[in-house]
Amino acid sequence: MPELRVSRPYSPPSTKLCMKFLLAVVNADDRSSTPHLRSRFVRVYRDWFARRHDPFNGESPEGYYREVCNWWREPESIEKITVEAPDAEFGFEVVILRRKLKVVWSLADMGDERAAKDRIHLNFDWLDRYSRGPYDAPNEDWRLRLMAANSVLESVVSRLKICGNPKCKNKYFIRETQRKYCSVPCRREVEGSLGLDKIEPTRPKRLTEAGRLKISKAVKKRWKKYRLAKMRQA
Ligand SMILES: [Zn+2]
């Protein structure tokens, strides 16, 4: 009998870890040219996915991926999402999730939060059914982790952004403040090529000591005048 897919005790991942996971999948750390990033992905996230030979609702993962590629499409304005080959460690598991995340991110980035949320809910439906075969207990920890990550995705949907630098290597990001780029180097790269970095930003000027004294004197003078006027009125 195949080994059960439940490794307990399960402890729910933190929001921060879920965010890291989502970013690692969507930015393809598992396909990184940096070996240590690749091996880190496998080490940290191995238990976030079903194993390759688990039953798959009577359907091959490859067939399901084809279906996902048909039904999960990028918005027209976004560059085409490429079809990927499976890998030795995760099979189609990671590429399926990545495809979905890219579609959600693209919709959110172009401001269609509703469509992005609809996709996230579709993924909840799928997680609820997926792989629940005879060897799969209904609450495998990998499924619970993916559900936790999907919930976090929903909670940050308004902050899902794609970096404005076309050459960016980690272009999917979760923004903290209003911004177009994932990082300062990306902003500099784009604005530098447009010559925007030559324009001096308008910063408030620092006051010199003499300037500060002059203002302080003027304020005191105005205040004195005001008080005198009040006294006259009384
Ligand atoms: Zn970037």
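Helices, runs of at least four residues, and strands, runs of at least two, are DSSP runs numbered from the N terminus. The model shown in these views is predicted.

**Figure 1. Overall order of helices and strands in the predicted model.** The protein has eight helices and two strands. Along the sequence these elements follow the pattern α-α-α-α-α-α-β-β-α-α. Of the 234 residues in the protein, 26% are buried. Among contacts with a separation of 6 or more, 68% join residues 24 or more positions apart.

**Figure 2. Close-up of the largest nonpolar core.** This core has 37 residues, of which F21, L22, V25, L101, V104 and W105 touch the most other members. At least two residues of the core come from each of helix 1, helix 2, helix 4, helix 5, helix 6, strand 1 (160–162) and strand 2 (172–174). Helix 4 gives the most, with ten residues. L101 can serve as an entry point to the view: apart from neighbours within four places in sequence, L101 is in contact with L22, V25 and V26.

**Figure 3. Close-up of helix 1 against helix 4.** The axes of the two helices come within 8 Å and cross at roughly 100°. Angles of 65 to 115 degrees count as roughly perpendicular, and helix 1 is therefore roughly perpendicular to helix 4. On the side of helix 1, the contact is formed by L22, V25 and V26, which meet V94, L97, R98, L101, K102 and W105 in helix 4. By class, the residues of this contact are seven nonpolar, no polar and two charged.

**Figure 4. Close-up of helix 1 against helix 6.** Helix 1 (residues 15–26) and helix 6 (residues 141–155) have axes that come within 9 Å and cross at roughly 90°. With this angle, helix 1 is roughly perpendicular to helix 6. T15, C18, M19, F21 and L22 of helix 1 make the contact with A148, A149, V152 and L153 of helix 6. Eight of these contact residues are nonpolar, one is polar and none is charged.

**Figure 5. Close-up of K16 and L153, residues of helix 1 and helix 6.** K16 lies in helix 1 and counts as exposed, because it has 9 C-beta neighbours inside 10 Å and the limit for an exposed residue is 12 or fewer. The C-alpha atoms of K16 and A149 are separated by 9.7 Å, although the two residues are 133 residues apart along the chain. L153, in helix 6, counts as buried because it has 26 C-beta neighbours inside 10 Å, where 20 or more are required. Not counting residues up to four places away in sequence, L153 touches L22, V104 and I120. L153 and I174 are 21 residues apart in sequence, and their C-alpha atoms are 9.6 Å apart in space.

**Figure 6. Close-up of helix 4 against helix 5.** Helix 4 (residues 93–109) and helix 5 (residues 113–129) pack at an angle of about 160°, and their axes are 7 Å apart. Angles over 145 degrees count as roughly antiparallel, so helix 4 is roughly antiparallel to helix 5. The crossing of helix 4 past helix 5 is left-handed. In helix 4 the contact involves K100, V103, V104, L107 and A108, and in helix 5 it involves E113, A115, A116, R119, I120 and N123. These residues comprise seven nonpolar, one polar and three charged.

**Figure 7. Close-up of A24 in helix 1 and A28 in the loop between helix 1 and helix 2.** A24 is placed in helix 1 and counts as buried, because 21 C-beta neighbours lie inside 10 Å. Leaving out residues up to four places away in sequence, A24 touches D29, F41 and Y45. A24 and R38 are 14 residues apart in sequence and 9.9 Å apart in space, C-alpha to C-alpha. A28 is in the loop between helix 1 and helix 2 (35–45). A28 counts as partly exposed because it has 19 C-beta neighbours inside 10 Å. The phi angle of A28 is near 60°, a positive value in a residue other than glycine.

Methods: Residues are numbered from 1 along each chain as its sequence is written. This is a predicted model: local features need pLDDT of at least 70, side-chain atom pairs count only at pLDDT 80 or more; totals for chains, interfaces and linings use all residues. Axes are lines fitted to C-alpha atoms, for helices over the stretch in contact, and angles run from 0 to 180 degrees between N-to-C directions. Angles under 35 degrees count as roughly parallel, over 145 as roughly antiparallel, 65 to 115 as roughly perpendicular and the rest as oblique. Two residues are in contact if their C-beta atoms, placed from the backbone, lie within 7 Å. Ala, Val, Leu, Ile, Met, Phe, Trp, Tyr, Cys and Pro count as nonpolar, Asp, Glu, Lys and Arg as charged, and the others, Gly among them, as polar. A crossing is left-handed if the near helix is turned anticlockwise from the far one by less than a right angle, and right-handed if clockwise. A nonpolar core is a set of buried Ala, Val, Leu, Ile, Met, Phe, Trp, Tyr and Cys residues joined through C-beta atoms within 7 Å.
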